[in-house]
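Please open the model in your viewer and keep the selection tool at hand, as the tour goes from one selection to the next.

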Amino acid sequence: MPQTRGIIFQPVHAYLYNKVVSVSFEEMIPAVSIKITKESTGETVYSQEYMSPAEASIDLNIQDSGTYYIEIISDKISLEGEFAL
């Protein structure tokens, strides 16, 4: 019997290019916070709250190479991911 499959809508997309994290929002979110931490130290290297953002660019050029975590949190969503610089 064929299985019905659905597409999961992602309200936020994040991309890394040349140590710049670009975050784009596919739907209007009234308030969202973005936090980036370094895995090896647990240090928060970026933390910012945005009001109704369409996109955000986060320059991490001054950060050392390593593994980092990003958290994107609002009252409706909580997303997290890992990336390497």
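Begin by selecting K35, which is partly exposed, with a relative accessible area of 33%; here buried means under 20% relative accessible area, exposed over 50%, and partly exposed in between, with a 1.4 Å probe and protein chains only. Before going further, note that this is a predicted model, in which local features need pLDDT of at least 70 and side-chain atom pairs count only at pLDDT 80 or more, whereas totals for chains, interfaces and linings use all residues. Residues are numbered from 1 along each chain as its sequence is written, and side-chain values use heavy atoms, with hydrogens and water left out.

**The salt bridges**

Add E71 to the selection: E71 and K35 form a salt bridge in which the closest N and O atoms are 3.8 Å apart, the term meaning a side-chain nitrogen of Lys or Arg within 4 Å of a carboxyl oxygen of Asp or Glu. This pair links distant parts of the chain, with K35 in strand β3 (residues 31–38) and E71 in strand β6, 36 residues apart; strands are DSSP runs of E with at least two residues, helices are runs of H or I with at least four, and both are numbered from the N terminus. E71, at 26% relative accessibility, counts as partly exposed.

Two salt bridges are found in a search of the whole structure, and to see another, select D64 and K38, whose side chains meet at 3.7 Å, N to O. Here too distant parts of the chain are linked, D64 lying in the loop between β5 (55–59) and β6 and K38 in strand β3, 26 residues apart. Which of these residues is buried and which exposed? D64 counts as exposed at 51% relative accessibility, whereas K38 counts as buried at 13%.

**The four-stranded sheet**

Now show the backbone as a cartoon and look for the open sheet of four strands, which has the order β4-β3-β6-β7 with antiparallel pairing; two strands pair if DSSP finds at least two bridges between them. Its edge strands, each pairing on one side only, are β4 and β7, and the twist from one strand to the next averages 15°, where axes are lines fitted to C-alpha atoms, for helices over the stretch in contact, and angles run from 0 to 180 degrees between N-to-C directions.

Within this sheet, select β3 and β4, which pair in the antiparallel sense over seven bridges and form a hairpin with five residues between them, where G42 in the turn has a positive phi of about 75°. To find one rung of this pairing, pick S33, whose bridge partner in β4 is E49.

Then move to β6 and β7, which are also joined in the antiparallel sense over seven bridges, and select Y68, whose bridge partner in β7 is F83.

**The aromatic pair**

Keep Y68 and F83 selected and show their side chains, since the structure holds one aromatic pair. Y68 and F83 form this pair, which is stacked, with 5.9 Å centre to centre and 20° between the planes; rings of Phe, Tyr and Trp (its six-membered ring) pair if their centres lie within 6.5 Å, and planes under 30 degrees apart count as stacked, over 60 as edge-to-face and the rest as tilted. Both Y68 and F83 are buried.

**The three-stranded sheet**

Next, select β1, β2 and β5, an open sheet of three strands with the order β1-β2-β5 and antiparallel pairing. The edge strands, β1 (12–17) and β5, each pair on one side only. Six bridges join β1 to β2 in antiparallel fashion, and A14 has V23 as its bridge partner in β2.

**The nonpolar core**

Stay on V23 and display its surroundings. The largest nonpolar core has 20 residues, and V23, I34, I36, I58 and I72 have the most contacts inside it; such a core is a set of buried Ala, Val, Leu, Ile, Met, Phe, Trp, Tyr and Cys residues joined through side-chain atoms within 4.5 Å. At least two residues of this core come from each of β2 (20–25), β3, β4 (44–51), β5 and β6. Leaving aside residues up to four places away in sequence, V23 touches several others, among them V12, I34, I58, I70 and I72, contact meaning heavy atoms within 4.5 Å.

**A last stop in a loop**

Finally, select E27, in the loop between β2 and β3, which is partly exposed with a relative accessible area of 33%. E27 touches F9 and P11, not counting residues up to four places away in sequence.
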